[in-house]
Amino acid sequence: MRFLNGLKQNDDVCSVALQDAHMFLFHRLSPLLQRNHQGTFRTTELRTSDVQSLLENLGSDRTLLQEAVLIGCTEQNQAQFCLDIGGLDQAAAEELCGGTFVDLRKSFFLLSGAEAPLVAKAQALLRWHKTSGFCSATGQPTHRNQAGSQRTCSSSAIIYYPKMSPVVIVLVSDGERCLLGRQATFPRGMYSALAGFCDMGETLEETLSREVAEEVGLEVKSFSFSSSQHWPFPQSSFMMACHASVSPAHSQLCVDHSELEDARWFSQQEVLCALQTPPHRGGGAAPPFWLPPKHAVAHRLITEWIQNTRS
Ligand SMILES: NC(=O)C1=CN([C@@H]2O[C@H](COP(=O)(O)OP(=O)(O)OC[C@H]3O[C@@H](n4cnc5c(N)ncnc54)[C@H](O)[C@@H]3O)[C@@H](O)[C@H]2O)C=CC1
Ligand SMILES: [Mg+2]
């Protein structure tokens, strides 16, 4: 952690680390993935020297490397950077690297373990740099530090940091059943826990009670915190995941159809069955009811609820 902080604070130290680092390549915000013999996907492991040769082969000069953004470090204190080569030929880059640039939504669910959140973080930082080139107070250009952890206005010296929007996601239960809903924009048949952005000045518990009341007309009696997650879609959210309970005597739903296409109570049996149904990846008919894939914090809430109600 200290090593990483040192790289953020000292441009010279960060420049040295960039000369021999692990590099994650993106093309127009899509990460470079490789399929291995078992048919599973991994990020493509490149070092700085590989990227330097790639840039030369693609006719770009090495200065593009300076746009790399620090995303983390390995257990051996090797810095990890990401770089978007969106201005260069995608097909030629794929051929030279032996991989494919895959849209983040697909990549996020194809990758396993620690790779999915790392790639999500990298894309969120690259997206932030892409859209933060000017100061919103003065309209003047902003300039990044070497790590890419902040941008400073060239005129006013205002410092900008990458942003996440806080969101509460909540699995409501009446003791026997859990409440799942779907927005019209969700993939067909997918139901998830309720979610909502925090309003300015709200606490987690205020957002939770307000969202449940607004979206389905229920009064939350109690809640407990489960876990949190950075969620890159469509822009960076900081998801705080909770369990909440309502009284079984007051479990009649009044769904706000401007927010949710549908919301329903589901029994343990129905949820268990859906957990065993693989997520629908498009193509063919979608199953009538399925749940978010395991990388989503909603999936974690649902499996925790099953474990808690069965024990
Ligand atoms: N990781 C997971 O398992 C899940 C994640 N989500 C994510 O949670 C987030 C919030 O869920 P929603 O039900 O859409 O929120 P929501 O119930 O607050 O409704 C969205 C509306 O809130 C308003 N809004 C207020 N503050 C906003 C902000 N900072 N950014 C964007 N819109 C804002 C907009 O009018 C927007 O249309 C979404 O980004 C969604 O992708 C949702 C379900 C599952
Ligand atoms: Mg919502």
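## Exercises: a buried threonine, a metal site and ring pairs

T207 is buried in this predicted model, with a relative accessible area of 0%. Let us start from there.

**Exercise 1.** Work out where T207 sits and which residues surround it.

*Solution.*
- Step 1: Place the residue. T207 belongs to helix α7.
- Step 2: Look for a polar partner. The side chain of T207 makes a polar contact of 2.7 Å with the side chain of E202.
- Step 3: List the surroundings. Once neighbours within four places in sequence are set aside, T207 is in contact with V168, G196, F197, C198, D199 and E202.

**Exercise 2.** Find the protein donors of the magnesium ion (ligand 2) and decide which parts of the chain they tie together.

*Solution.*
- Step 1: Identify the donors. They are A195, through O, and E215, through OE, lying 2.2 Å from the magnesium ion.
- Step 2: Assign them to elements. A195 is part of strand β13, while E215 is in helix α7 (residues 204-216), so the pair ties together parts that are 20 residues apart in sequence.
- Step 3: Check burial against the 20% cut-off. E215 has a relative accessible area of 4%, so this residue is buried. A195 has a relative accessible area of 29%, so this residue counts as partly exposed.

**Exercise 3.** Classify the ring pair of F108 and F109, then say how exposed each residue is.

*Solution.*
- Step 1: Set the scene. Searching the whole structure gives nine aromatic pairs.
- Step 2: Use the geometry. The ring centres of F108 and F109 are 5.3 Å apart and the planes stand at 85°; planes over 60 degrees apart count as edge-to-face, so this pair is edge-to-face.
- Step 3: Compare the accessible areas. F108 is buried at 3% relative accessible area, whereas F109 is partly exposed at 21%.
- Step 4: Widen the view. F108 and F109 form one aromatic cluster with W231 and F233.

**Exercise 4.** Do the same for Y191 and F289, and explain what this pair ties together.

*Solution.*
- Step 1: Classify the pair. With centres 5.7 Å apart and planes at 80°, the rings of Y191 and F289 are edge-to-face.
- Step 2: Locate the residues. Y191 lies in the loop between β12 (178-182) and β13 (194-197), and F289 in the loop between α8 (268-275) and α9 (297-310), so the pair ties together parts that are 98 residues apart in sequence.
- Step 3: Check burial. Y191 and F289 are both buried.

Key: Residues numbered from 1 in each chain as written. Chains lettered and ligands numbered in written order. Predicted model: local features only at pLDDT ≥ 70, side-chain atom pairs only at ≥ 80, totals over all residues. Heavy atoms only, no water. Phe/Tyr/Trp six-rings, centres within 6.5 Å; stacked < 30°, edge-to-face > 60°. Buried < 20%, exposed > 50% of the residue type's maximum accessible area, 1.4 Å probe, protein only. Helix = DSSP H or I, 4+ residues; strand = E, 2+ residues; numbered from the N terminus. Donors = N, O, S within 2.8 Å, 3.2 Å for Na, K, Ca; no water. Polar contact = N/O pair within 3.5 Å; in protein donor to acceptor, adjacent residues only side chain to side chain. Contact = heavy atoms within 4.5 Å.
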